[in-house]
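Colleague: I'm new to this one, and I'd like a close look at a single part: the paired charges and what surrounds them. Please explain each term as you go.

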Amino acid sequence: MKKFSDYLAVIAVTFWAGGLWVIGVSAWILFANLTDKQLAGMLAGKLFIFIAYVGIACGLYLLIFRLSRFGAAAMKQVFFWAVLVMLLLTLAGHFGIQPILESLKAQAMPKAVMESIFRDRFQAWHGVSSIMYLLEGLLGLVLVLKPGTR
């Protein structure tokens, strides 16, 4: 018989992985359809902040859940390592790269960052952030395809 903690783990995986995919597609739609790219960036940024906190909460829960369920054996499982890497990517993106991007935007004022001398640095860091987000989404697929509550 499954416990509440098992169901909560499934919900955490669904919310985190699904949220990553939905927000990634939503950001693409915002930039494709809004003529004001600064507004699109601001809205996408708020979505990415939201999913970062979702990821931190879900990642911590899933790690604790796995360790309490399987003990040290959890560290021999793909699911555990996928969660850990996703969590580390989330933390690095949110607390490492996002502040750099925000700083570049602030330095560019009153111009938009893409119209400033900081454009190249912003694009480079944004590219790193995008690759990390893509990796997170792919690892989310691992969580969905290799459920950790069996």
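Modeller: Start with Glu102 and Lys105, whose side chains meet in a salt bridge at 3.3 Å, N to O. The term stands for a side-chain nitrogen of Lys or Arg within 4 Å of a carboxyl oxygen of Asp or Glu. Bear in mind that this is a predicted model, where local features need pLDDT of at least 70 and side-chain atom pairs pLDDT 80 or more, while totals for chains, interfaces and linings use all residues. Numbering runs from 1 along each chain as its sequence is written, and side-chain values use heavy atoms, with hydrogens and water left out.

Both partners, Glu102 and Lys105, sit in helix H3, residues 78-108, three residues apart, or about one turn of the helix. Helices here are DSSP runs of H or I with at least four residues, strands are E runs of at least two, and the numbering starts at the N terminus. Glu102 is partly exposed at 43% relative accessible area, and Lys105 is partly exposed too, at 28%. For those labels, buried means under 20%, exposed over 50%, and partly exposed in between, using a 1.4 Å probe and protein chains only.

The structure holds two salt bridges, so let's visit Asp6 and Arg69, whose side chains meet at 2.6 Å, N to O. This pair ties together distant parts of the chain: Asp6 is in helix H1 (residues 4-33), Arg69 is in helix H2 (residues 37-70), and they are 63 residues apart. Asp6 counts as buried, with 5% relative accessibility, whereas Arg69 is partly exposed at 32%.

How do the charges add up across the protein? There are 13 positive and 6 negative side chains, and the centres of the two sets lie 14 Å apart. Lys and Arg are the positives and Asp and Glu the negatives, leaving out His and the chain ends; each charge is placed at NZ of Lys, CZ of Arg, CG of Asp or CD of Glu.

Now back to helix H3's stretch of sequence, this time for Ile97 and Gln98: Ser129 is in contact with both, leaving aside its neighbours within four places in sequence. Contact means heavy atoms within 4.5 Å. Ser129 belongs to helix H4 and is buried, with 17% relative accessible area.

Helix H4 (residues 119-145) also gives seven residues to a nonpolar surface patch, the largest share. The patch covers about 760 Å², and its members include Trp21, Leu135 and Leu141. Patches take residues over 30% relative accessible area without a salt bridge, joining like charges within 9 Å and nonpolar side chains (Val, Leu, Ile, Met, Phe, Trp, Tyr) within 5 Å. Leu135 is partly exposed at 42%, and Leu141 likewise at 36%. Leu141 lies 15 Å from Leu89, C-alpha to C-alpha, with their positions 52 residues apart in sequence.

Finally, the wider setting. The protein has four helices and zero strands, and 35% of its 150 residues count as buried. Its C-alpha trace spans about 60 × 30 × 20 Å along the principal axes. Among contacts with a separation of 6 or more, 72% join residues 24 or more positions apart. About 9,000 Å² is exposed, with carbon and sulfur atoms supplying 74% of it; such areas come from the Shrake-Rupley method with a 1.4 Å probe, and for residues only the protein chains shown count as cover.
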